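Got the viewer open and a hand on the selection box? Let's walk through this one stop by stop.

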Amino acid sequence: AKVLLPEALPGILNSVIITLVTLVNYSAMAGAIGGGGLGDVGIRYGYQRFLPDVMLAVVVILIVFVQVIQSLGDWVVRRMSHR
């Protein structure tokens, strides 16, 4: 039992990071159908009101947010890995 969790921890953390990125994706899609958040701002102000600057800003924010989550997660997984 002392070996199983430390060996499995990098894989578990990697799965948590992938889940967080997927949740960001789903929250943006939920906003597109009226759920609020960045997706809602992008659709309502950027697309429907023809403000491409707003749409571009929302897309860039989402890309940066996902990249930060992914990069930090990869760094943590590398630190926890025993290889």
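Select Arg-79 to begin; it belongs to helix α3, which spans residues 52–80. Keep in mind as you look around that this is a predicted model. Show the surface and you'll find Arg-79 exposed, because its relative accessibility of 62% is over the 50% cut-off. Now add Val-24 and draw a distance between the two C-alpha atoms: Arg-79 and Val-24 are 55 residues apart along the chain and 24 Å apart in space.

While you're in α3, click on Met-80, which is also part of that helix. Met-80 comes out as partly exposed, at 35% relative accessibility. Try another distance here, this time to Gly-35: the C-alpha atoms of Met-80 and Gly-35 are separated by 36 Å, with their positions 45 residues apart along the chain.

Next, go to helix α1, residues 4–32, and pick Leu-20. Is Leu-20 buried, exposed or partly exposed? It's partly exposed, with 38% relative accessible area. Leu-20 has company, too, so extend the selection to Leu-5, Ile-12, Val-16, Leu-23, Tyr-26 and Met-29. Together with Leu-20, these residues make up a nonpolar surface patch with about 650 Å² of accessible area. Colour the patch and keep it on screen for a moment.

Now bring in helix α2, residues 38–47, and look at how α1 packs against it. The axes of α1 and α2 are 6 Å apart, at an angle of about 40°. That angle falls between the roughly parallel and roughly perpendicular ranges, so α1 and α2 count as oblique to each other. If you want the handedness, the crossing of α1 and α2 is right-handed.

Stay on α2 and show side chains for Arg-44 and Asp-40. What joins Arg-44 and Asp-40? A salt bridge, whose closest N and O atoms lie 3.3 Å apart. In general, side chains of opposite charge can pair when their charged atoms come close. Arg-44 and Asp-40 are four residues apart in α2, which means that about one helical turn separates them. The two partners differ in cover: Arg-44 is partly exposed at 38% relative accessible area, while Asp-40 is buried at 15%. Don't go hunting for others, as the count comes to one salt bridge.

Follow the chain out of α2 and stop at Phe-50, in the loop between α2 and α3. Check the backbone here: phi of Phe-50 is near 55°, a positive value in a residue other than glycine. The side chain is worth a look as well, since Phe-50 is exposed, with 70% relative accessible area.

Carry on to Asp-53, which takes you back into α3. Asp-53 is exposed, at 66% relative accessible area. Select Gly-42 with it and compare the two separations: Asp-53 and Gly-42 are eleven residues apart in sequence, and their C-alpha atoms are 9.7 Å apart in space.

For the last stop, show just α2 and α3. How far apart are the axes of α2 and α3? They are 7 Å apart, and the two helices pack at an angle of about 160°. Since angles over 145 degrees count as roughly antiparallel, that is why α2 and α3 get this label. Turn the view so that one helix lies in front of the other, and you'll be looking at a left-handed crossing of α2 and α3.

Terms used. Residues numbered from 1 in each chain as written. Predicted model: local features only at pLDDT ≥ 70, side-chain atom pairs only at ≥ 80, totals over all residues. Heavy atoms only, no water. Buried < 20%, exposed > 50% of the residue type's maximum accessible area, 1.4 Å probe, protein only. Patch = residues over 30% accessible without salt bridge, like charges linked within 9 Å, V, L, I, M, F, W, Y side chains within 5 Å. Areas by Shrake-Rupley, 256 points an atom, 1.4 Å probe, with all protein chains shown as cover. Salt bridge = Lys/Arg side-chain N within 4 Å of Asp/Glu carboxyl O. Axes fitted to C-alpha atoms, helices over the stretch in contact; angles between N-to-C directions. Parallel < 35°, antiparallel > 145°, perpendicular 65-115°, else oblique. Left-handed = near helix turned anticlockwise from the far one by under 90°.
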